[in-house]
Structures are given as structure tokens and as C-alpha cells.
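The following exercises concern salt bridges, a small sheet and nonpolar packing. Each task is followed by a solution in steps.

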Amino acid sequence: MNHPLGLQQARHLHLAAQGLLRAPRARARRASLLAAIGRMRLLQIDTINIVARSPYLVLFSRLGPYETRWLDELLARGAIFECWAHEACFAPMSDLPLHLNHREIRANHFSHRIAQRVHSQHAANMRSLLEHIRERGAVKASDFEAKQKGGGGWWGWKDEKRWLEAAFALGELMVARRENFQRVYDLRERVLANAKHPVPDRRLSADEVRREYVLGAVRALGITQARWIADYFRSGKKIRDADLDADVERGELVRVSVRGWDNIAYVHRDQSALLDRARRAALRATHTSVLSPFDPLVWHRERAQAMFDFNYTLECYTPAPKRRYGYFVLPLLRRGRLVGRLDAKAHRAEGTFEIKAIYLADGVVVDESLSDDVAGALQNVADWHGTPRLVVRRSDPKSFAVALRRALARRSAVA
């Protein structure tokens, strides 16, 4: 191992690998979306629409304004596909063999366990449903009448929805496209045959799949401790340092010491140039943006704490009286630091982007530079939403709301 990295250097390496170190230099194109998904390897899906649905916001944080329909088009054209990995995710079509082969590797993933249980209880019904799709074509869950009013989650769904999701998790169905964000399911072979992008047909052994889960996670993260690796693809039990000895000996991973961390870190050899720049303190963080709660940067709580000293928990699943910050709170990235979080809501009909509350992290100093950066980031996301009127209700500390309103007024006056 060479001399240790400072924590800021490690953080900048992580941000660079994730596409969040510098503000986008060029206007986003369709190809930009595919490249960003390829860099992350996974784009987590969530349906909450208080601001933007998570996959759209994750891409905006990296690319700036773009047409959200481009993501839908990538799916419909077969450039990306849906799978269960970290959670429900989009992944680049080039990774299809990694996710759809060797079901035994995914056997402990919760989606697979539930799907197997549904299949064992409803095998005949699932066969009938697949035959219906084979004869009549792709379907949505809404095509079937609900026999009872259900709640959220697998067991609150109507039967056909559970059967569709089970067949999807087991690989018999794929998502052909989305309509108003609803999945449209079709037979796996038909979706792949209709893809406008090349569909890889290589076969990977179980060991190759496991190895690529490890190496792919390290590459996507830029720098990581061993204990955080398995969470990225939800590929099984935690990885230990000893498990990576062979990868280090082959030169595929580099062991790195980070000052302040008790555990060794790892960098993929493909990120050697970034590692060298990090060592020379040549990676400069300039980007300020709102993040999705399901962004890879923050979806692992321990990693976000160690990397950014940021304790983040999504509270939408917490009973309202127990919430500290709000229902759908967005982390705020500013020039290489997670400086706070905001409880926001886009009122699309009124054209208003409401900041119900914004909370700065401990130690963040309120000055004009901070206010201008945050105001710019908030206005950018508000404009992209088509809700350009920005309203700031309150903040912690209280002085920041005042400073933020002044910064927004300065931007408005210049515009």
C-alpha cells in the first residue's frame, strides 16, 4: 500500500466514480443517461412522487436537466432492463447475464424468497397467467380487476399483481416498458427478441457472477471498505478483507489506507487514474445538487456516515409522529460534502416548489457562498420540474432560510 489517502481525497474519488464530483459541462442527451446508468451499474426504482420519482432524480443530480421520457425510451428499446438487485433497479443491458443467470446466487434475496413462496402456493394460477400473456401479449397489473381493496406490499396486492411480480422475480417475465410508470410485463424471450440494442448471450459461471458482483461494486463506488461491497448488488453475506486477497494478487483491486478509517479500503484497477489524482489532491469537487434518498451515495447508511459524516435515514416509512425531518427528505450535496437535507414537495399544478424545511448539518457555516450554491441547486431542480416558483418555509438554523431567500432574490434579479 502507498501512503494513506486523506478522507477528503477518498470522498472525492468516490464522488468522481459516481459522477457527482463536478457539475455537468454539457447538455444531457439520451446517451448521457445510458452512460450514467452504466457507471453506477444500478439505478434504483421507487414510485414516491412527492418531488421526482427516484430514478429520474438520481440522473438529474448527475446530468442536469433532461427529458424524463428518455429513461422510459431506453427501457422500451432494450438499452436497459429491470431486475432485482440492491432493490428493484434498472441496469444496462450489457449486465443481463450477471442478473438473470445463476438463480441460486440470488436465492437469499428477499424478492426471490417471496417469489418462490408465491409460486409454491399458486403454481397453477401462475401458469395460466403466463399462458394468457403468451396468447394475448403484454399486460399491466391494472388490466386485471381487483377482487378486494389491498394495501401496499406483496401481500396487500391483488392476486394477479403478486403472480406477475413473482414471475418477474423468477425470470419468466421481464418489463417490456412502463406506461405512466406502471410496469408492462411480457415473456422474457419476447422482450429480449424485441430489444433494439444488442442483447448479450454470454454464459457466466457462478464464480464469475460472484466475482463480478464484487469487482463491479468496487468499480462503481470508486473506493470502499470490504464490508460495504455486498450491499451494492445485495449479493450475499458481507465480504471480508481475506475474501479479496486473490483479487488483490491478480492486480484487479488495490488496497488503500484512508486516514481515520480502521478498515482497509479498496479501489478497482480501472480507477487507478482517479486514485492517482486523488493522491495528488487533484480531484476538485465543484458540484452542488439535491440527491434522491435512493441515490447510491446514501443508500448504505454506514458508508454515508463513514464517508461524509452524514447520518441519513429515510423517514417515509416511519410513523409521522416519530419523524425528525419529514416524509421524503432529500440529502443536499455541496462541493464534496453532504451539508444538509430538505423536506420538499413539488406542487406541479401551481408551478411551486415548496421547501417545507431545510436542515444544515452540524458545523456547516452559513455564508453567501453556501447560500448562492444551494439557491442555484434548488432553482435548477425546481425549473426542471416545471415548478419555478420556489418557496422556503423554514430552516435550521433559522438564519439560513433568510439567507437562502436573499440568494434566490439575487438570482431572480440577475435573470
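A salt bridge is taken here as a side-chain nitrogen of Lys or Arg within 4 Å of a carboxyl oxygen of Asp or Glu. The model is predicted, and by this criterion the structure holds 35 salt bridges.

**Exercise 1.** Determine which parts of the chain are linked by the salt bridge between Glu87 and Arg234, and classify the accessibility of Glu87.

*Solution.*
1. The closest N and O atoms of Glu87 and Arg234 are 2.8 Å apart, and the two form a salt bridge.
2. Glu87 belongs to the loop between E2 and E3, whereas Arg234 belongs to the loop between helix H10 (229–233) and helix H11 (245–249). With these positions 147 residues apart, the pair links distant parts of the chain.
3. Buried means under 20% relative accessible area and exposed over 50%. Glu87, at 22%, therefore counts as partly exposed. Arg234, at 30%, is likewise partly exposed.

**Exercise 2.** Locate the salt bridge partners Arg335 and Asp373 in the chain, and state the accessibility of Asp373.

*Solution.*
1. The closest N and O atoms of this pair are 2.6 Å apart.
2. Arg335 lies in the loop between strands E10 (329–334) and E11 (337–347), and Asp373 in helix H14 (368–385), so the salt bridge ties together parts 38 residues apart in sequence.
3. Asp373 has a relative accessible area of 15% and is buried; Arg335, at 36%, is partly exposed.

**Exercise 3.** Establish the order of the three strands in the open sheet and explain why E1 and E2 stand at its edges.

*Solution.*
1. The order is E1-E3-E2, with antiparallel pairing.
2. E1 (43–44) and E2 (80–84) each have a single partner strand, so one side of each lacks a neighbour in the sheet.
3. Two bridges join E1 to E3 (88–92), and Gln44 stands opposite Cys89 in E3.
4. Helix H2 (30–40) packs on the sheet and touches E1, E2 and E3; its direction makes about 110° with that of E3.

**Exercise 4.** Identify the buried residues of helix H4 and decide how they are arranged about its axis.

*Solution.*
1. Trp70, Leu71, Leu74 and Leu75 are the buried residues of H4 (69–76).
2. Viewed down the axis, they fall within an arc of 145°, so they line one face of the helix.
3. Their cover includes H2, E1, helix H3 (54–63), E2, E3 and strand E4 (173–179).
4. One contact of Leu71 is Leu59. In the largest nonpolar core, of 139 residues, Leu59 and Ile223 touch the most other members.

Notes: Residues numbered from 1 in each chain as written. Predicted model: local features only at pLDDT ≥ 70, side-chain atom pairs only at ≥ 80, totals over all residues. Heavy atoms only, no water. Pairing = 2+ DSSP bridges. Helix = DSSP H or I, 4+ residues; strand = E, 2+ residues; numbered from the N terminus. Contact = heavy atoms within 4.5 Å. Axes fitted to C-alpha atoms, helices over the stretch in contact; angles between N-to-C directions. Core = buried A, V, L, I, M, F, W, Y, C linked by side-chain atoms within 4.5 Å. Buried < 20%, exposed > 50% of the residue type's maximum accessible area, 1.4 Å probe, protein only. Arc of directions from axis to C-beta. Lists of a residue's contacts leave out its neighbours within four places in sequence.
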